[in-house]
Amino acid sequence: MAARKGPMSAYTDSPAYSAPSSGHGLLEGWKYRSLRLGPFRLPWYASPESQLILVSFVCFLCPGMFNALNGLGGTGQRDEDIYASTAANSALYATFSVVGFFAGTVTNTLGIRFSLCFGGLGYCIYISSFLCYNHTHNLGYTVFSGFLLGCCAGILWCAQGAIMMSYPPENRKGRYISWFWMIFNLGAVIGSLVGLGLNIHERGDETVNDGTYVGFLVLTFLGACLAWTLVDAKDVVRRDGSRIILMKHPTWKTEILGLWETLPTDPYVILLFPMFFASNWFYTYQYNDVNAAQFNTRTGALNNTLYWLAQMFGAMIFGFALDYPNVRRTTRAKAAWASLCALTFIIWGGGYAFQRKYTREDVTLEGHQLYDWTSSGYIGPMILYISYGIYDAVWQTCVYWFMGAITNNSRKLANFAGFYKGIQSAGAAIIWRLDGLQNSPPPYMNLFASCWILLAGSLVVALPVIILKIQDTVPVEEDLKFTDETIEDVIGYGVTYDSPEQKTA
């Protein structure tokens, strides 16, 4: 297929943009060489597809292992030692809420690779602290690791969000989000299977063994190293020859000012803040007050595996539905909002029926019976927990897609991602702290009600953004307003890797 000349739409798969070339339309350098695998031609290394896969595996190995460990309930700790997990996660999310808000500035200034690697190292230290706690009960180190991870994770997730929302063309953002979410959660699935395999004979309520922590520690370190295999955003070229819109010459001054300018120029994003806040609020309830409270160690590990596996399917279905080409994007946005409303009342309505069966006082009674996968009546709670996983994936996929539908500007989306993760973590810090109060923690039903009310209420607040701000396409001139680039920098002659030979027309 010959490269086609002439400027076209900025955010479609039609050839439109200039790419690194020798002056006659050919991409230069090893990063732009496409390999053939049988009948398939693979994307070049510096393509959005390849970069998305790499960042997905970084998150597969770092946050994925974190999710697998926390999904066991109490980060693998039990009884009185669960307080260490609660304290660490409270410190984590409190720090994350502050750092995340400013993470866009750091990511835009220092670049994708440094941000992802620095973020990944925080997960290594966090997991090492629980391995240490198993032997020394050093609460100080555990809390410090949570604080440090809050700094690191805020930057990692900002970089990830910028890649996932700004690299794809407009008509592929849903599937890019779903690809990421499936690979990322595959890490949690595998991590959960490791935990399940190592604790499969634990019918009681025991702390997970050292091997679980060591395995997670090694995997998170590998994830931090993998971050250095990505390329800089300025070198990424889409299959149509288009480039990522960003600042050509970012400095600390320009990015701090850019963060300051984001809210005045895009004040409507504030209406999405309640959705951001609610998006991690329910994790504490699901992990500690359902999985850890009602299931023994091995069954909690099984639930954890099914939860993350369900997330993969939920992301896949909704991600591709959000890109359905025969329906206008504005209509798809409204349908996504309506689907979230329906799922909120169906799934959490089932959760209400389950929560009515036990209280926090019941769980603390001696002889309290925990579910095992051999127990009669286990299937219903298992389906509920799977549904919670699907709901989480659908919520996160839709929120990212909403933000990506508002703009294609990488610089602005990095700030949006920072707002999202920072506010999300503020909510998580509050709920982890509430659940961890030793003297008078709130009743389980109160925490459940707070989850349901926040989720439903935030959808109502976000509705004006869905109706008024999401367009069928965003003009390139609009996206360039927040950068130092011009149309000449981003529109030119297209190049594609769809054919064995790239030639000018």
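The expected span of a helix is 1.5 Å times one less than its number of residues, and helices (H or I, at least four residues) and strands (E, at least two) are DSSP runs numbered from the N terminus. This is a predicted model, in which local features need pLDDT of at least 70, side-chain atom pairs count only at pLDDT 80 or more, and totals for chains, interfaces and linings use all residues. Residues are numbered from 1 along each chain as its sequence is written, and side-chain values use heavy atoms, with hydrogens and water left out.

**View 1. Helix α11, end to end.** Let's start with α11, which covers residues 297–322. From first C-alpha to last, its 26 residues reach 37 Å, close to the 38 Å expected at 1.5 Å a residue. The helix is mostly covered, with 19 of its 26 residues buried; buried means under 20% relative accessible area, exposed over 50%, and partly exposed in between (1.4 Å probe, protein chains only).

**View 2. The whole chain.** Stepping back, the protein chain holds 18 helices and two strands. Of its 505 residues, 58% count as buried. The chain exposes about 19,100 Å², of which carbon and sulfur atoms supply 66%; these areas come from the Shrake-Rupley method with a 1.4 Å probe, and for residues only the protein chains shown count as cover. Take the contacts (heavy atoms within 4.5 Å) between residues at least 6 apart in sequence: 85% of them join residues at least 24 apart.

**View 3. The largest nonpolar core, around Phe402.** A nonpolar core is a set of buried Ala, Val, Leu, Ile, Met, Phe, Trp, Tyr and Cys residues joined through side-chain atoms within 4.5 Å. The largest one here has 123 residues, and Trp348 and Phe402 have the most contacts inside it. Helix α14 (residues 379–406) gives the most to this core, with 16 residues. Not counting residues up to four places away in sequence, Phe402 touches Met275, Ala333, Ala336, Trp337, Leu340, Ile466 and Ile470. Apart from the largest core lies another, of six residues, among them Ala103, Ile155, Cys158 and Ala414.

**View 4. Where α5 meets α14.** Helix α5 (residues 139–166) packs against α14 at an angle of about 60 degrees, with the axes 10 Å apart. Axes are lines fitted to C-alpha atoms, for helices over the stretch in contact, and angles run from 0 to 180 degrees between N-to-C directions. On the α5 side, the contact is made by Trp157, Gln160, Gly161, Met164 and Met165; on the α14 side, by Tyr400, Met403 and Gly404.

**View 5. Helix α4 and two of its buried residues.** The 25 residues of α4 should span 36 Å at 1.5 Å a residue, and the end C-alpha atoms are 37 Å apart, which agrees. Cys117 lies in this helix and counts as buried because its relative accessibility is 11%. Beyond its neighbours within four places in sequence, Cys117 is in contact with Ala224, Ala227 and Trp228. Ser128 is also found in α4 (residues 112–136), and its 16% relative accessibility counts as buried too. With the same neighbours left aside, Ser128 is in contact with Tyr141 and Leu217. After the helix comes His137, whose phi is positive, near 55 degrees.

**View 6. Gly349 beside Trp452.** Gly349 is found in helix α12 (residues 329–355) and is partly exposed, with a relative accessible area of 22%. Its C-alpha is 8.7 Å from that of Trp452, though the two are 103 residues apart in sequence. Leaving aside neighbours within four places in sequence, Gly349 is in contact with Thr344 and Trp452.
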